[in-house]
Amino acid sequence: MAKDQTILFHSTIFGPIHSRRLGVSLGVNLMPSDGKVCSFDCIYCEAGYNAQGAGKSGLPSRDQVREDLEKKLSEMHSKGEPLDVITFSGNGEPTLHPDFAGVIDDTLALRDRFYPEAKVSVLTNSTRIFDSSVAEALKKVDNNILKLDSAINPTMRLIDAPASKDFTVEKVVDALKQFKGTGVIQTMLLRGEHNGQTVDNTTPEEVDALIEAYKAISPREVMLYSLDRSTPEERLKKVEKEELDRIADKVREAGISVVSY
């Protein structure tokens, strides 16, 4: 059962907020301020489904992002406020922005100027890592956090609903290998029901497939997490921390660095 849900960031720069994964985080939204643009349509997305539309504001320009970020960082720095990370997330997939690589260069320069100890993180669904300019930009940031929710195609398509019919687990796992030793793989674990179909990427088969994918990718780290906020699909259930930790132990036994939230 789906519900109308729209939890959007109504500005290009938002926060800072305290992230359970990243610390004191200043957010950057490269998508519209009044709509959602994404190459996935995840059943668990707190921003809601893509059907809500892209809004009317359009994407912020590279210049606007740089100016807004510079203003916010300057204000925070002058007040002595702490900052752990600048995080690209927001109302959709940040790497869809046509000037993504340039925005990353601007952000790194501003970070070095105001908060040289802070990290730059990008939360991406991995659909654009086939584009060399996007991939090279991701390699420049401190934390390129790359989505892989299932290593079994039907489950991946049920949970993530990629826009492209050509997007497959095999293709994305192969492309993720370019981030060997540096990329962070992020996996949302959940169970429940969607459109009459059972959703569960915590079964032994699913976990074993994920472990094989992680081994092929050789990431710096794997992040396992579950639901923390309201979702557009009402029949989803959070995987509790104790179970997350058990799955993390199994991943760790395979020689992979992993954290669970």
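Colleague: Why does Phe88 count as buried?

Modeller: This is a predicted model, by the way. Phe88 has 0% relative accessibility, and buried means under 20%, so Phe88 makes the cut.

Colleague: What makes Phe88 and Phe100 an aromatic pair?

Modeller: Their ring centres are 6.4 Å apart, and rings pair if the centres lie within 6.5 Å. The planes stand at 75 degrees; over 60 counts as edge-to-face, so that is the label here.

Colleague: Where in the chain do Phe88 and Phe100 sit?

Modeller: Phe88 belongs to strand β3 (residues 85-89) and Phe100 to helix α2 (residues 100-114), twelve residues apart, so the pair links distant parts of the chain.

Colleague: And is Phe100 buried or exposed?

Modeller: Buried: Phe100 comes out at 1% relative accessibility, set against a limit of under 20%.

Colleague: How do you know that the pair of Phe130 and Phe167 is edge-to-face?

Modeller: Look at the angle. The planes are at 85 degrees, with the centres 6.4 Å apart. Since edge-to-face needs over 60 degrees, the name fits.

Colleague: What does the pair of Phe130 and Phe167 tie together?

Modeller: Two loops. Phe130 lies in the one between β4 (119-124) and α3 (132-140), and Phe167 in the one between α4 (153-160) and α5 (169-176), so parts 37 residues apart in sequence are tied together.

Colleague: Why is Phe130 called partly exposed?

Modeller: Its relative accessible area is 44%. Buried would take under 20% and exposed over 50%, so Phe130 falls in between. Phe167, with 9%, is buried.

Colleague: Which residues do ring pairs link into a cluster?

Modeller: Phe40, Phe130 and Phe167. The structure holds three aromatic pairs.

Colleague: What makes you say that the charged end of Lys139 sits over the ring of Phe179?

Modeller: The charged end of Lys139 is 5.9 Å from the ring centre of Phe179, and the distance limit is within 6 Å. There is an angle condition too, within 35 degrees of the ring normal, and Lys139 is listed as sitting over the ring.

Colleague: Zooming out, how do you know that the radius of gyration agrees with a compact globule?

Modeller: For 261 residues, a compact globule would have a radius near 18 Å, and the chain has 18 Å, so the two agree. The C-alpha trace spans about 50 × 40 × 35 Å along its principal axes, and 51% of the residues count as buried.

Colleague: How many helices and strands does the chain have?

Modeller: Seven helices and eleven strands.

Notes
Residues numbered from 1 in each chain as written. Predicted model: local features only at pLDDT ≥ 70, side-chain atom pairs only at ≥ 80, totals over all residues. Heavy atoms only, no water. Phe/Tyr/Trp six-rings, centres within 6.5 Å; stacked < 30°, edge-to-face > 60°. Helix = DSSP H or I, 4+ residues; strand = E, 2+ residues; numbered from the N terminus. Buried < 20%, exposed > 50% of the residue type's maximum accessible area, 1.4 Å probe, protein only. Rg over C-alpha atoms; globule rule 2.2 N^0.38 Å.
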